[in-house]
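Trainee: Before we discuss this structure, could you show it to me, so that I can ask how its labels are earned?

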Amino acid sequence: MDNNDDLHLELLAEMVMKQDAMVYELKMLNKKADTTNDRIDSTNDRLDTTNDRLEVVIERLDSLEKQQAKANPGISEIRLSVMKLGERDKIVSDHEKRIRKIESKMFRS
């Protein structure tokens with residue numbers, strides 16, 4: 001063999017070694033990609049679970065809002081009744097005070 005053949009063999013050997021290195025790098029990148037894809041799948045599963053839970057929470061919230069909307073008029077009516085009762089109680093209390101004053105004046109004399 002001449003020098004050209006030796007040079008060609010060296011170049012071919014170097015190319016094969018570089019290709020082997022590239023194949024190894026590609027395999028490592030594929031493993032990393034697989035790991036990343038697994039993590040993405042896991043994250044998507046957790047996101048799906050979170051979305052399912054959120055839908056349940058939204059349904060419950062809607063139900064509570066409907067209950068509150070039904071209860072608000074009743075609560076307003078009760079509040080008004082309590083205020084009126086407070087006013088009546090004050091009137092009765094004022095009358096009792098006046099009566100006591102009158103009685104105390106009447107019975108002193």
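Mentor: What follows is a set of questions about salt bridges, exposure and a surface patch. This is a predicted model, in which local features need pLDDT of at least 70 and side-chain atom pairs count only at pLDDT 80 or more, while totals for chains, interfaces and linings use all residues. Residues are numbered from 1 along each chain as its sequence is written, and side-chain values use heavy atoms, with hydrogens and water left out.

Trainee: Why is the contact of K18 and E14 called a salt bridge?

Mentor: A salt bridge requires a side-chain nitrogen of Lys or Arg within 4 Å of a carboxyl oxygen of Asp or Glu; the side chains of K18 and E14 meet at 3.4 Å, N to O, so the pair satisfies that rule. K18 and E14 are four residues apart in helix α1, and therefore separated by about one helical turn.

Trainee: How many salt bridges does the rule give?

Mentor: The count is three, including D94 with K90 at 3.3 Å and E96 with R100 at 3.6 Å.

Trainee: What makes K90 exposed or partly exposed, and what about D94?

Mentor: Buried means under 20% relative accessible area, exposed over 50%, and partly exposed in between (1.4 Å probe, protein chains only). K90, at 53%, therefore counts as exposed, whereas D94, at 26%, counts as partly exposed.

Trainee: How do you know that R108 is exposed?

Mentor: Its relative accessible area is 70%, so R108 is classed as exposed. R108 lies in helix α1, and it gathers with K97, R98, K101 and K105 in a patch of positive charge on the surface.

Note on methods:
Patch = residues over 30% accessible without salt bridge, like charges linked within 9 Å, V, L, I, M, F, W, Y side chains within 5 Å. Areas by Shrake-Rupley, 256 points an atom, 1.4 Å probe, with all protein chains shown as cover. Lys, Arg positive; Asp, Glu negative; His and termini not counted. Charge placed at Lys NZ, Arg CZ, Asp CG, Glu CD. Helix = DSSP H or I, 4+ residues; strand = E, 2+ residues; numbered from the N terminus.
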